[in-house]
Amino acid sequence: MDFQNRIPLEELKRTTLAIKKELAKVIVGQERFIELLIVSLLVDGHVLIEGVPGIAKTITAKLFAKTLKTGFSRIQFTPDLMPSDILGTSIFNVKISEFEFKKGPIFSNIVLIDEINRAPAKTQAAMFETMEERQVTMDGTTYPMGSPFMVLATQNPIEQEGTYALPEAQLDRFLFKIKVAYPSLEEEVKIIQTHHDRKGQKVQEEVKDVVSPEQLKDFRSKIQHVVVAEKIVRYIAEIINKTRNHPHLYLGASPRASIATLNAAKAFAAISGRDFVTPEDVKKAMVPVLNHRIILTPEREMEGTTPENVVQMITESVEIPR
């Protein structure tokens, strides 16, 4: 029997390794973080990155954008930021005696939003349409975003003064919430050593672009055709369904979470060079897809339980399809 892939995935696998290799020039460790960024890009999703200051959240996101031959913009969110500061504004053009729309920094391909939870609700709401429908409507005119369009947003979980909790509806628009941890002792040693060895040289300049928008489009269409068995679909549905009536949870996940899991699992399979999804691919996707979509009961939160603990508990309680 011939077990060859029905979809040619060699180039996709090679490109994934090339992106990882480029980022490894500067970033020590963070393999899981980088892999989740790649998967999110491949399935056209946005990413929320959470972690304490100084663990290379912003630089990783910035360098990741550099590996793509596309536009990049960075917006620092602040409490006085207005929707027009992001989306753009209509300016009166004296020459033609008409209002002209001047596009804001959101009109790019990879948009890095630093400290997304610093901006007020009005500004957060301005992002809804852009993130979900990939367009901006201003003065009755709709302006579509270019392709690809991906939002990478960072937030600091510790310092909560002057921050606004993101609305559930906005959180749900992020494919993944990636929690970036401290490096291990060995990684810390390597970080210090490589910084010392550089002698002030800027290696960021060395990161090359490896993916063009055309290639990305091709990869995305290949991922759409990855085979998903009926029992895998049921497996995803059972896990998501259990979040809705779990005693530890006040709010479960929506069908949007099921679709996000399916898409991410297909991408995990494809970057491994497989044209079919396994239960392992589903498990890999579960925590980043669900940890911002479920809400713990106050009792569990006070006990120090985390959304990740509950997701793992639920995943382990569902029988793996054979």
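At roughly what angle do the axes of helix 9 and helix 11 cross? That seems a good place to start this note on a predicted model, and the points below go from helix packing to empty space and then to the backbone.

1. **Helix 9 against helix 11.** The axes of helix 9, residues 230-243, and helix 11, residues 279-290, cross at roughly 30° and come within 11 Å. Angles under 35 degrees count as roughly parallel, so helix 9 is roughly parallel to helix 11. The handedness of this crossing is right-handed.

2. **Who meets whom there.** Helix 9 brings Ile232, Tyr235, Ile236, Ile239, Ile240 and Thr243 to the contact, and these meet Pro279, Val282, Lys283, Met286 and Leu290 of helix 11. Sorted by class, the contact has nine nonpolar residues, one polar and one charged. If you colour the two helices by residue class, you can follow this directly on the structure above.

3. **Helix 2 against helix 3.** For this pair, too, the axes come within 11 Å, and here the crossing is at roughly 45°. Helix 2 is therefore oblique to helix 3. The crossing is right-handed. On the helix 2 side the contact is made by Phe33, Ile34, Leu37, Ile38 and Leu41, and on the helix 3 side by Lys57, Thr60 and Phe64. By class, that gives six nonpolar residues, one polar and one charged.

4. **The cavity.** How many cavities of 30 Å³ or more does a search of the whole structure find? The search finds one, and its space comes to about 50 Å³. Its lining consists of Leu12, Thr15, Thr16, Ile19, Ile38, Leu41, Leu42, Val211, Leu216 and Phe219. Helix 1 (10-24), helix 2 (31-42) and helix 8 (213-224) are the elements that give two or more residues each to this lining. Helix 1 has the largest share, with four residues. Eight of the lining residues are nonpolar and two are polar, with no charged residue among them. There is a link back to point 3: Ile38 and Leu41 belong to the cavity lining, and both also take part in the contact of helix 2 with helix 3.

5. **The largest pocket.** About 570 Å³ of space lies in this pocket. Its lining has 23 residues, and those nearest the centre are Glu50, Leu171, Lys177, Asn291 and Glu301. Helix 6 (168-171), strand 9 (176-179) and strand 11 (295-296) each supply at least two residues of the lining. The classes are mixed: nine lining residues are nonpolar, nine are polar and five are charged.

6. **The second largest pocket.** Here the space is about 430 Å³. The pocket is lined by 19 residues, with Val26, Val28, Ala56, Ile191 and Arg198 nearest its centre. Helix 7, residues 185-198, gives the largest share of the lining, five residues. By class, the lining divides into nine nonpolar, seven polar and three charged residues.

7. **The loop at Ala181.** Ala181 sits in the loop between strand 9 and helix 7. Leaving aside residues up to four places away in sequence, Ala181 touches Gln30 and Ile55. Gln204 is 23 residues from Ala181 along the chain, and the C-alpha atoms of the two are separated by 22 Å. The elements on either side of this loop have come up already: strand 9 supplies residues to the lining of the largest pocket, and helix 7 supplies residues to that of the second largest.

8. **Backbone points to look at.** Most residues other than glycine have a negative phi, and most peptide bonds are trans. Against that background, three places deserve a look. Ser147 and Pro148 are joined by a cis peptide bond, with omega about 0°, and Pro148 is in the loop between strand 7 (141-144) and strand 8 (150-155). Ser97, which is not a glycine, has a positive phi near 50°; its place is in the loop between strand 3 (88-93) and strand 4 (98-103). Arg134 is another non-glycine residue with a positive phi, about 55°, and lies in the loop between helix 5 (121-133) and strand 6 (135-138).

Technical notes:
Residues are numbered from 1 along each chain as its sequence is written. This is a predicted model: local features need pLDDT of at least 70, side-chain atom pairs count only at pLDDT 80 or more; totals for chains, interfaces and linings use all residues. Side-chain values use heavy atoms; hydrogens and water are left out. On a 1 Å grid over the protein atoms alone, a cavity is a set of points where a 1.4 Å probe fits but cannot get out, and a pocket is an open set with protein on both sides within 12 Å along at least five of seven lines; lining residues have an atom within 4 Å of a point. Grid points are joined across faces, edges and corners, and a volume is the space filled by probe spheres set on the points. Ala, Val, Leu, Ile, Met, Phe, Trp, Tyr, Cys and Pro count as nonpolar, Asp, Glu, Lys and Arg as charged, and the others, Gly among them, as polar. Axes are lines fitted to C-alpha atoms, for helices over the stretch in contact, and angles run from 0 to 180 degrees between N-to-C directions. Angles under 35 degrees count as roughly parallel, over 145 as roughly antiparallel, 65 to 115 as roughly perpendicular and the rest as oblique. A crossing is left-handed if the near helix is turned anticlockwise from the far one by less than a right angle, and right-handed if clockwise. Contact means heavy atoms within 4.5 Å.
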